[in-house]
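Biologist: Could we look at this structure together and see how its parts fit? I have a few questions ready.

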Amino acid sequence: MSDLYLIFKNLTRRKLRLSLTLFAIFVAFLIFGVLSSFNKAFNSGIELSADDRMVVVNKINFTQPLPIAYVNKARAIEGIDVLTWCNWFGGYYQDPKNFVAAMACDAETLLDVYPEIVLPEDQKKAFMANRQGLIAGQSIAAKYGWKVGDRIPMNSNIFSQKTGGSAWDFDVEGIYTGSTEQFDTNSVYFHYKYFDESRSFGKDFAGWLILRTTDPALNDQVANTIDTMFANSFYETSTDSEKAFNKAFIAQIGNIAMIVTSVVGAAFFTILLIVGNTMVLAIRERTGEIAVMKTLGFPAARIFKLVLGESLLLSLIGGLLGIGAAWLIIGAMKAALAGILPTLVLTPDVALTALAIMVGLGFLTGIVPALSAHRLNIITAMSRQ
Amino acid sequence: MGSLISQINAVVAMNVKSLPQRAWMSAATVFAVAIVVAVLLAFLAMANGFQATVAGTGARDVAIAMRQGAQAEVNSVLMKEQVDLLSAGPGIAKNETGPIVSAELYVIVDGIKKASDTKANLPLRGLSEAGMKMRGDLKIIEGRMFQPGTNELIVGVGALKEFEGFELGRELTFARSRWTVVGVFSMDGKVAESELWADIGSVQSLFQRGNSFQTVRLKLDDPAALEQLKAYNEADPRLKLDIKSEADYFADQASGMSDLIMYLGWPLGIAMAFGALAGALNTMYTSVASRAREIATLRAIGFGGTAAFVGTLAESMVLALLGGLIGAIAAFLFFDGITASTLGGSFTQVVFSFKLSPALIWQAAVLALIIGFIGGVFPAWRAARLPVVVAFRAA
Amino acid sequence: MTENLFELKKVSKSFVKAKETISIFEGLDMTIKAGDFIAIMGPSGSGKTTLLNLLGGVDQPTSGEIHFDGKRIDNLSENGLAAWRAANVGFIFQFYNLMPMLSAAKNVELPLLLTGLGRSRRKASVEAALKLVGLDDRAGHLPKEMSGGQQQRVAIARAIVSDPKLMLCDEPTGDLDRATADEILKMLQLLNREFGKTIVMVTHDPEAAKYAKKTLHLDKGEFVKEELMA
Ligand SMILES: Nc1ncnc2c1ncn2[C@@H]1O[C@H](COP(=O)(O)OP(=O)(O)O)[C@@H](O)[C@H]1O
Ligand SMILES: [Mg+2]
């Protein structure tokens with residue numbers, strides 16, 4: 001028998017109360033795990049952005065175009081390592097409801113700017129060689145059942161072909177994965193050249209330029225040089241780090257972090273009340289037993305540890321079950337939500353935060369009864385019996 | 001019957017008297033229920049507010065035409081010829097100048113969202129006199145209407161409130177051209193209040209759109225005339241546009257986001273309700289346990305189990321209802337009427353207000369009562385079946 | 001075996017209750033020899049439990065000194081007293097006071113958690129103690145699965161498992177029927193005679209007192225009579 005055994009026996013003596021309390025904790029951590037993962041996924045664009053990557057967009061708004069001539073002008077600027085450009089395609093597959101995040105990019109430079117896109121060497125070569133080639137992320141390819149070698153039509157809800165119609169044909173030349181689990185593999189890239197030559201309007205314009213600087217320290221300088229270069233033109237630019245750009249974009253959806261924090265805070269506050277009260281009650285019921293243990297010679301500090309250990313164990317069991325369930329739920333939702341939140345995973349740091357909260361919760365709910373057990377006077381406790 | 005009522009009264013009185021002993025436990029339950037109700041109501045008010053703003057925007061007797069597959073105004077492109085062709089179609093209401101149609105441009109410009117101090121997409125709508133007439137509830141509440149052919153614009157109250165830089169008299173620069181905010185408009189809480197409006201010609205030249213448009217709105221003789229117009233559109237290969245009633249268009253635009261909020265709000269509310277239920281059950285079992293001797297004593301002197309049952313259940317329901325009430329009041333004080341903005345279906349910001357309604361509060365109250373009922377019925381059952389011998393046991 | 005295990009010198013004990021000071025003992029002197037078996041009798045409220053608490057280091061005198069085995073214990077800190085109790089005293093209570101969630105064996109093992117003994121040594125001690133009280137076949141039972149007499153035997157096993165010199169019993173048979181009480185008392189007597197335990201037992205049952213070597217009568221905080229058994 002060890003102290004842990006004593007703690008466990010104390011904890012499990014009232015099965016119904018234990019299950020109810022565990023369940024309340026379970027629910028709170030389930031909510032925490034799921035919402036935090038959602039929040040993470042929303043913010044993954046910020047977190048995963050590379051320090052040396054920058055985005056150049058039209059100053060009016062990033063949906064407004066930039067002349068393709070800017071590419072060569074910008075490339076000459078010192079401090080830029082590689083530069084590519086893309087145009088939003090507004091894609092859908094077969095039905096307008098089947099949204100596809102498709103972009104027409106410069107195939108030569110795309111993979112240099114995004115080393116996170118992992119593609120087998122032969123697929124890379126094949127994609128470069130075929131101007132109608134397309135590379136699709138693993139998750140979207142799985143969703144629509146695309147395989148390398150397939151020829152697929154894709155529609156645009158914005159552009160139309162010179163020859164009429166809004167459908168383009170592409171050859172799936174590669175299916176890419178991400179260098180990290182969180183990297184978005186729900187996008188599709190194809191050749192800007194093919195797209196630009198065949199579209200009925202907007203020729204020689206790009207949606208945005210993306211570049212990597214030779215050193216993140218040069219970011220501000222490069223941004224200034226670009227924006228000054230095109231100032232007072234009809235197409236003024238706004239250059240930002242990828243991180244700042246993504247941050248602003250996510251903020252457009254709303255203050256998700258605040259919503260998540262509030263809900264999770266409310267959930268934890270609720271269980272703090274419930275579990276805290278239950279612990280106080282449980283220890284109060286055991287006044288006599290604690291007095292007996294003290295009589296037998298158990299020092300106050302050890303009693304304190306036993307009580308605190310009990311609330312910690314309670315919090316840990318409920319919390320780990322909750323986080324485990326959140327992990328299962330997130331895993332199950334990942335496929336279904338790949339279109340909206342391609343980077344949905346319960347990351348280790350969410351789990352670690354949860355662990356810290358479990359310890360905090362265990363401590364907060366246990367400290368009051370632990371202190372009163374610590375202070376418990378044998379004589380008064382025994383005569384109260 | 002009368003005796004049952006007095007029995008129940010006696011038990012309830014006993015419960016109430018012993019309540020202070022369990023004050024913290026009971027307060028925790030009340031708060032837990034209050035929090036659940038407040039969180040649920042916050043989400044429902046958000047979904048409801050968004051829904052009311054966006055879905056409430058469209059008229060049944062206005063048709064909106066876009067390029068096939070465009071799905072949202074921002075994606076569409078229409079040529080002047082297509083607009084003219086469609087305007088000649090059947091079922092369109094006419095006035096002295098001809099068919100009532102409004103060809104519009106819908107482009108996105110940057111605004112600074114006050115809440116986050118970051119750039120956000122705002123729609124700049126270019127439209128003509130006819131377009132404004134079509135929107136009956138348009139009101140200029142400050143300043144004046146823009147002059148056709150100038151770089152003047154008016155701003156919706158929502159956009160003004162949530163974004164920086166559109167105050168009356170402010171100068172804006174888009175691509176070397178200077179624009180002035182000359183008026184502020186409201187539109188009965190509709191989604192257009194999140195927009196900037198300017199003359200169609202000025203917007204066309206600013207964005208080099210020549211004589212092209214993005215959407216066309218057509219006033220119909222009556223909602224049923226939409227079918228005629230659709231048939232006309234299908235028959236002409238130069239058209240083949242997507243035509244919907246404005247009401248349907250905005251209902252589609254609203255559904256995604258408000259569904260998302262609902263799908264998030266209800267499961268969260270229910271999950272938290274389960275947590276609170278666990279707390280309520282704990283409280284009520286404790287309540288029964290702490291009154292076991294009293295209950296058993298009453299049973300010993302001839303009280304029925306029903307009184308113990310009803311007394312316990314009533315205690316639980318009262319606690320939950322109290323929590324529900326506090327939660328609803330908190331939700332009303334903190335959430336009702338607050339404005340927020342999010343990215344709408346057209347990839348632009350939609351400003352909306354959280355809106356509580358009696359129906360929503362009723363839904364939350366039902367949830368609270370369910371917590372109270374389930375939280376009370378099992379402990380009440382235990383109370384009703386307490387063996388009488390408990391009364392004679394040593395303390 | 002004539003050395004003094006306990007020496008109480010001018011021990012006073014008073015309680016402050018609602019601004020009123022109730023004095024229980026005033027300058028009480030007492031000695032207890034090692035290997036003695038003392039029964040303390042007296043009317044309710046005469047201070048029996050208070051005396052036992054002082055002897056057991058659960059309570060401290062208002063003034064005076066208590067020496068145990070030549071060392072003062074009345075001035076020990078709370079933790080010091082706890083350690084002293086764990087090492088030297090076995091307690092037996094009227095209502096057994098077993099931990100309801102622990103089996104008989106685990107209850108007996110409890111005091112051993114305060115020693116540095118390893119698992120196997122603890123196990124051996126627990127088995128020996130349970131065997132001594134005749135409950136080796138009940139090791140796995142929970143308190144609620146045992147009769148009052150059996151529970152008290154488990155409590156005795158718990159009290160002796162760490163082999164203390166002293167056993168303090170407050171009304172150990174107060175909750176038991178005659179036959180069971182006799183069994184328990186015989187067991188205490190055995191522990192006193194065969195194992196040399198010094199036992200102080202509070203009781204108001206004259207039959208129980210007969211098992212002791214001597215009976216002290218306490219009244220209003222003073223010893224009024226001393227009886228030696230045959
Ligand atoms: N903790 C205490 N506080 C105040 N009074 C006490 C306390 N403990 C005992 N007393 C009082 O001291 C007296 C002796 O009590 P006690 O030793 O328990 O008597 P006995 O065990 O002989 O019945 C009683 O009058 C009792 O009320
Ligand atoms: Mg006593």
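Modeller: Strand 6 of chain C pairs with strand 7 (residues 166-170) of chain C; in which sense do they run?

Biologist: This is a predicted model, in which local features need pLDDT of at least 70, side-chain atom pairs count only at pLDDT 80 or more, and totals for chains, interfaces and linings use all residues. Residues are numbered from 1 along each chain as its sequence is written, chains are lettered from A and ligands numbered from 1 in the order written, and side-chain values use heavy atoms, without hydrogens and water. Strands are DSSP runs of E with at least two residues, numbered from the N terminus, and two of them pair if DSSP finds at least two bridges between them. Here there are 4 bridges, and the sense is parallel.

Modeller: Which strands of chain C stand at the edges of the sheet?

Biologist: The open sheet has 6 strands in the order 6-7-8-3-9-10, with mixed pairing. Each edge strand has a single partner, so one of its sides is left without a neighbour in the sheet; these are strand 6 (89-92) and strand 10 (222-228) of chain C.

Modeller: In chain B, what is the bridge partner of Thr173(B)?

Biologist: Strand 9 (residues 171-174) and strand 10 (residues 177-186) of chain B are antiparallel over 4 bridges. They form a hairpin with 2 residues between them. Across from Thr173(B), in strand 10 of chain B, is Arg178(B).

Modeller: Which side chains of strand 9 of chain B are buried?

Biologist: In a regular strand the side chains alternate between the two faces of the sheet. Glu171(B) and Thr173(B) point to one face and are not buried, where buried means under 20% relative accessible area (1.4 Å probe, protein chains only). Pointing to the other face, and buried, are Leu172(B) and Phe174(B).

Note on methods:
Buried < 20%, exposed > 50% of the residue type's maximum accessible area, 1.4 Å probe, protein only.
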